[in-house]
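Thank you all for coming; I would like to walk you through one model this morning. Please have a look at the sequence and the coordinates before I begin.

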Amino acid sequence: MNRAVFLDRDGVINKILYEPDGNIMAPANLEQVKILDNVKEGIQRFKELGFKVIVVTNQPGVAFGYLKKEKLQEINNFLKNELGIDEIYSCTHHPKFDGECNCRKPKIGLIEQAKNDFDIDVENSYMVGDNLSDIETGKNANVKKTFRIGIIRDDMIQLQHEKNIYPDFTLPDLSVIADKIKNIEERERFDNLQLCVSSDPIEDYLYQNNVQLKNIELDFICDPWNLPMKDNSLNNIIALDGISDLSKEEFDKTIKKISSLLKIGGKLYLKYPNLKVLSKRLNEIINETSKDEPELFQLLSRWKLFSLQNVHEILKKSGFSKIMEGKENFEEKFLNTQQEQYYIYIKVIK
Ligand SMILES: [Mg+2]
Ligand SMILES: [Zn+2]
């Protein structure tokens, strides 16, 4: 699925025109189109962040008859090519002439259309507009955050109170909004990280998942010591499943990497094989000549030369100060495991 930044057109991408009596109107031909500041940069940034850029616009001028369909098409094609917009969807209706359509914002027909055409994950997408009806559209479609573009004006605040509709942010232009979206996305993705070294999908590789915030994509697969994230960007790392599948050298490298990713005061929650219990179980299995638990054989053969003392040394060497052992240290925050006797639970603070 794709995520999108949905943009209103007039007042967001191009300047609004005013009739002599002060009424707002949309450009009726190419000559009247004036692109606003930082629009091209903003759209470029959205695309770099991995978003589709989709414009949803009400153009009732077509219904009123002062905007020709061909001219609208011409303007939209120009904006698409000039700015690298993926698609522009227009509602050309007005209730006075067409009755109720399902695409006139704040209805969500245009967003639904885009969702089908581009396989958009709307709940993880954003809406940007200059009018409260754009914000309302975003809320109706259940987008992640809404942005009103422009300055905070008294009359707009008054209208917000009247309608009880509030944008999540009011910001001056698309470039600043791109910064904000980047910030939102990075914080959510990187505040907490769950490491899983897994045979699925790729053997001995790592995937990340965020245990506290939903709808976070698993967007990289790599060796755990190569995590593609910024130093000092994480509050918590929870290393649960399969980290004991690493060799001692790999474990060593991984802990060093984890330490560099954590902020000062950040915590690592680590699950480490309880070799005593595992050895005992292994003996039982050997005596029973049962091969019920082949993964225990594997785990133990990998870790039996690797004592808990070694783990503590690696942790200390990698810049962790306080080391605590015990299941309750895990459970206070995250853990819900069935095989507790096979593991020792360690919480360390950088
Ligand atoms: Mg507008
Ligand atoms: Zn419509």
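I will go from the overall fold to the cores, then to one helix, and finally to two single residues.

A word of caution at the outset: this is a predicted model, in which local features need pLDDT of at least 70 and side-chain atom pairs count only at pLDDT 80 or more, while totals for chains, interfaces and linings use all residues. Residues are numbered from 1 along each chain as its sequence is written, and chains are lettered from A and ligands numbered from 1 in the order in which they are written.

The secondary structure of the protein chain comprises 13 helices and 15 strands, where helices (H or I, at least four residues) and strands (E, at least two) are DSSP runs numbered from the N terminus. Of its 350 residues, 32% count as buried; by that I mean that 20 or more other C-beta atoms, placed from the backbone, lie within 10 Å of the residue's own, with exposed standing for 12 or fewer and partly exposed for anything in between.

Let me turn to the nonpolar cores, each being a set of buried Ala, Val, Leu, Ile, Met, Phe, Trp, Tyr and Cys residues joined through C-beta atoms within 7 Å. The largest has 42 residues, and Val5, Phe6, Leu7, Val53, Ile111, Tyr126 and Val128 are the ones that touch the most other members. Strand E4, residues 51–58, gives the most to this core, with five residues. Apart from it lies another core, of 25 residues, which includes Leu234, Phe251, Leu270 and Phe330.

If we leave aside neighbours within four places in sequence, Val128 is in contact (C-beta atoms, placed from the backbone, within 7 Å) with residues including Val5, Phe6, Leu7, Phe147 and Ile177.

Which residues of helix H5, residues 109–118, are buried? They are Leu110, Ile111 and Ala114, and seen down the axis of H5 the buried residues fall within an arc of 95 degrees, taken over the directions from the helix axis to the C-beta atoms, so they line one face of the helix. Those residues pack against strand E1 (3–7), E4, strand E5 (87–91) and helix H6 (132–141). H5 is followed by Asp119, whose phi is positive, near 50 degrees.

Finally, two single residues. Glu70, in helix H3 (residues 69–83), is exposed, with 8 other C-beta atoms within 10 Å. Leu227, by contrast, lies in the loop between strand E11 (221–222) and strand E12 (234–239), and counts as buried, with 21 C-beta neighbours inside 10 Å.

Terms used: Two residues are in contact if their C-beta atoms, placed from the backbone, lie within 7 Å.
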